[in-house]
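These are my notebook entries on a structure that I had not examined before. I set down what I looked up, in the order in which I looked.

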Amino acid sequence: MNRKLIIRLGLAAAAVFVVAYGASPLLAARSLVQAAQAGDAQGLERQVDFTAFRASLKDELNARMMVEMRKDKRLGDSGLSGLGMLLAPALVGGAVDAFVTPQAIALMVQEGRTPKPEIKRREPQEPKFGDKRVRQSWGYRDLDTFAVTLTRDDQPGEQVSLLMKRRNLFGWKLAGIDLGTPE
């Protein structure tokens, strides 16, 4: 009888571990979204790896900018196109470093789009709890990456995926972004 009890306890412990392992990103994502909607800057600072997030956003924006520059007929094959492609990463990098803050991430979650750098700083807005314009879908990308995908009702073709990365067995941090495939 002791052997059956030990086996049952072992199976119960394994089941608890699997459930906790699978549910940990859901809890982390929920906490991130709640902190963003509440405008809790300190809560966001604890849940975001800003270095990794900035690097990911720079990569995404540079890729989009290159696609746009290639599509722009006005630039053609001129030397300006090549110069623009050389200078673009530095410009994007500086803008991202300046504008990726807890407030910008909160705005991103609230509005469902990447914040645009503005010349005038906007006053912080009260969170819009009754606003149903932004839809969220959550899911694993792989075992160590969990995505919170934000889609606006008025722009269903555009989506922003916030990528949470596993930091330890049960810990997760926002460490990347996917702006969708550039057209």
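Entry 1, helix against sheet. In this predicted model, I looked up the packing of H3 and found that H3 lies across E3 and E4. The angle between H3 and E4 is about 10 degrees.

Entry 2, the sheet. I then asked in what order the strands of the sheet are arranged. The order is E1-E2-E3-E4, in an open sheet of 4 strands with antiparallel pairing. Strand E1 (134-142) and E4 are the edge strands, each pairing on one side only. From one strand to the next, I noted an average twist of 25 degrees. I also looked up the pair E3 and E4, which is antiparallel and joined by 6 bridges. Within E4, Ile177 is the bridge partner of Leu162.

Entry 3, the core. Which residues touch the most other members of the largest nonpolar core? I found Phe53, Ile105, Leu162 and Ile177, in a core of 29 residues. The elements giving two or more residues to this core include helix H3 (50-71), helix H5 (102-111), strand E3 (155-166) and strand E4 (172-178). H1 gives the most, with 6 residues. I recorded a general remark beside this: nonpolar side chains tend to be buried together in soluble globular proteins.

Entry 4, Phe53. I listed the contacts of Phe53, leaving aside residues up to four places away in sequence. Among them are Ile105, Leu162 and Ile177, as well as Val48, Val100 and Met108. Leu162 and Ile177, both touched by Phe53, are the bridge partners noted in Entry 2.

Entry 5, salt bridges. How many salt bridges does a search of the whole structure find? The search finds 6. I looked up three of the pairs, as follows.

Asp97 pairs with Lys58, with the closest N and O atoms 2.9 Å apart. Asp97 is in helix H4 and Lys58 in helix H3, 39 residues apart, and the pair links distant parts of the chain. Asp97 is partly exposed at 42% relative accessible area, and Lys58 is partly exposed at 22%.

Arg141 pairs with Asp178, the closest N and O atoms being 3.2 Å apart. Arg141 lies in strand E1 and Asp178 in strand E4, so this salt bridge ties together parts 37 residues apart in sequence. Arg141 counts as partly exposed, at 43% relative accessibility.

Arg152 and Asp154 meet through their side chains, at 3.0 Å from N to O. Is Arg152 buried or exposed? Arg152 counts as buried because its relative accessibility is 3%, under the cut-off of 20%. Asp154, at 48%, counts as partly exposed.

Key. Residues are numbered from 1 along each chain as its sequence is written. This is a predicted model: local features need pLDDT of at least 70, side-chain atom pairs count only at pLDDT 80 or more; totals for chains, interfaces and linings use all residues. Side-chain values use heavy atoms; hydrogens and water are left out. A nonpolar core is a set of buried Ala, Val, Leu, Ile, Met, Phe, Trp, Tyr and Cys residues joined through side-chain atoms within 4.5 Å. Buried means under 20% relative accessible area, exposed over 50%, partly exposed in between (1.4 Å probe, protein chains only). Contact means heavy atoms within 4.5 Å. Two strands pair if DSSP finds at least two bridges between them. Axes are lines fitted to C-alpha atoms, for helices over the stretch in contact, and angles run from 0 to 180 degrees between N-to-C directions. A salt bridge is a side-chain nitrogen of Lys or Arg within 4 Å of a carboxyl oxygen of Asp or Glu.
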